[in-house]
Amino acid sequence: MVLDMILALPLLGGATVASCRHRAAGWAAVATNGAMLALGVWLAVHVVRSGPLTGADGVLRADALSAFMVVVVGAITVLASWLGVRTMALEVADGRCTPRRATAYGVLVQVFVAAMLLAVLAANVGVLWVAVEATTIVTVFLVGHRQTRGALEASWKYLVICSVGIALAFFGTVLVYLCALHAGGHSSSALDWTSLVSRARHLDPPVLRLGFALIVLGYGTKVGLVPLHSWLPDAHSQAPAPVSALMSGVLLTVAFYAILRFKAVTDAALGPGFSRTLLVVVALSSLAVAASLLLTQRDYKRMLAYHSIEHMGLIALGAAAGIPLAIAAVLLHILGHGLAKSVLFLTSGEIMAAEGTSRIDGVHALLARRPTLGGVFGVGLVALLGLPPFSLFSSELLMARAEFQVGLGWAAVCALAVMVVIFVAVTGHARHMLLGAPSTTDASASPPAWVAAPLVVGLVACGLIGVLAWPLSGLLQAAARVVTP
Amino acid sequence: MTSTYATALTLAAGAVLICAVVVLWVRSVRSVLAVVATQGVALGCVAMTLGLHVGDAGLVATAGVELAVKGIAIPMLIGRAAGDAPDRERRPLVNVPASLVASAALIVVAFAAARGVATFVGATGGGLVPVGVATLLVGFLVLVSRRRPVFQVVGLLLVDNGVALVAFLCTAGVPFLIELGVSLDALLGVVVLMVLAQRLRSEFGDLDLDELRELHD
């Protein structure tokens, strides 16, 4: 019942936006998303105390991992839909967008969120696949919202590349299903997580190996991992800021959630060696690609997008280590990255609206001219680069420790070297944007308090989680146990 | 009885692959849509044959959905969206003879790569799994070598149909509810792509996709 309600709330928000064209409808959507987040927190507490819940005739199931992902999705959705009200109001006010398109935008965002929630709450790998594919179809319109040439190109690339990826993921799912049927599964339940995990030891190794490789490649496309990552910088830079925040902050990690689940099945059947090799390879190549393209970046939204590829690489590397400590760190990183990255994308949307350009060399002396925006952007980058006190620092440290424990120390060292390069590149870009003396002709203004507040709250949350992991540690450990032997 | 079943299954699966290769060969949108529709029907026939053979009502229903969506709805939607512009693939990145040779190579690769799965599945269906993989690979070839939006959509459909064929042959289809979701997603995906193609046309005029150069590093 709770699970159905969690799914229904964002849709209710969408229906409100669709039926009532007033600006207040946007706030109604924020309120339903807030209620969804509250239910998610309740669910997390409940699941840790008294075990998994099911809903909708067994189509939905929430264990600690699902509950954690619901909380992540909920937190970032609240941030993004709050700023979404602002973005649409600005766009309608200066005529870049008709009220009708603003309504369509509001509805699509809510459907997008519901699809992500369905993905993390699905009890069944087939439903998970359908939900992830649905997120692609919905977000295409959101990426193309501005209807400029760049936005159209980005949405075409996004849909074509992700459709290929998701087709490969379906192929992998079919092969896993084939193994499960041969291991004595019944056709109606063989695709359930619980039945896959319980039968894992009897799954045919060669076919499962092929299936898992296809799943990493396929869902990896949506995560933004090499080799099918090229859609990501285009889509994230062209989408309206709240959509970039949702895509980068949670959609990528929702796809990674699928890989984590399948990894648990594969590891139980084949031992950890196979998935470890595969994930280390994609992780290190993603890190290398991200670093090389960040060095020469000229656009700050694309800079943030490549930064997402870097963080997905780190998460994949952490998952490769595979021990409970590593998985708990990966999940903490998913939350920390989601918060910091979505705040940064939302801030970059404000910067772009104020400055009229997304080029790094078009923005300067931001700290002096727009202290609020410049401050949030700077602190957000500090968080994202993995400096203390933010939670990304603790999660990166924990992941590295786990990697050393399982003999992946060399990979952790490689990752650290790449991160140093990225640190230098990003601080160079940031210095250009933030510091310097303003010339007298430059405009300066600060966003209203109701716009700045959620951004600050997001960063404070990211910092608090880093300092006191206390409210989360039980949940993280329980969630890590779900996908480790 | 068994041999009739095996013949029908082999014929239908073979037709799916032949349609994929023919896509490489034709250049006008109207013909390519006819080929895609034929492939959809052939795919439906594979599911129907399997369903009748094992006497599974769910699978027969899946076959019906597959026929309606892939054989009728999707080709019709693409046709309607592309209807007013006589679209031809004028200058594919890889010309027709070369892509036919490449497709032959891909089919060999598919048979080599899918041998493991084929022997694992066994029986008539298992022997045909490489045909599905070959369709998928030919779909990739269409995707990377054709420059018109409609042909890229067709390439995606070939990939999709190849995976669907493997799914039917390996496991007699995924459960009906999921198949329904999968078909619906495919249908929506095509609709969205066609809407995008129309917007691209109104924004850029008559263009080849590799002329899209707005976004790069």
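Student: Helices (H or I, at least four residues) and strands (E, at least two) are DSSP runs numbered from the N terminus. What phi does A:Gly356 take, just after H13(A)?

Tutor: A positive one, about 75 degrees. This is a predicted model, where local features need pLDDT of at least 70, side-chain atom pairs count only at pLDDT 80 or more, and totals for chains, interfaces and linings use all residues. Residues are numbered from 1 along each chain as its sequence is written, with chains lettered from A and ligands numbered from 1 in the order written.

Student: And how far apart are the end C-alpha atoms of H13(A)?

Tutor: 45 Å, which agrees with the 46 Å its 32 residues (324-355) should span at 1.5 Å a residue, counting one less than the number of residues.

Student: Is H13(A) mostly covered or mostly open?

Tutor: Mostly covered: 27 of its 32 residues are buried (20 or more other C-beta atoms within 10 Å of a residue's own, all placed from the backbone).

Student: New topic! At what angle do H2(A) and H3(A) pack?

Tutor: About 165 degrees, between helix H2 (residues 24-50) and helix H3 (residues 64-93) of chain A, with axes 8 Å apart. Axes are lines fitted to C-alpha atoms over the stretch in contact, and angles run from 0 to 180 degrees between N-to-C directions. That makes H2(A) roughly antiparallel to H3(A) (over 145 degrees).

Student: OK, how many residues of chain B are in contact with chain A?

Tutor: 33, against 36 residues of chain A; contact means backbone-placed C-beta atoms within 7 Å.

Student: Which helix of chain B gives the most to that side?

Tutor: H8(B), with 13 residues. Helices H5 (115-121), H7 (149-171) and H8 (176-204) of chain B each supply at least two.

How values were computed
Contact = placed C-beta atoms within 7 Å. Parallel < 35°, antiparallel > 145°, perpendicular 65-115°, else oblique. Buried ≥ 20, exposed ≤ 12 C-beta atoms within 10 Å, placed from the backbone.
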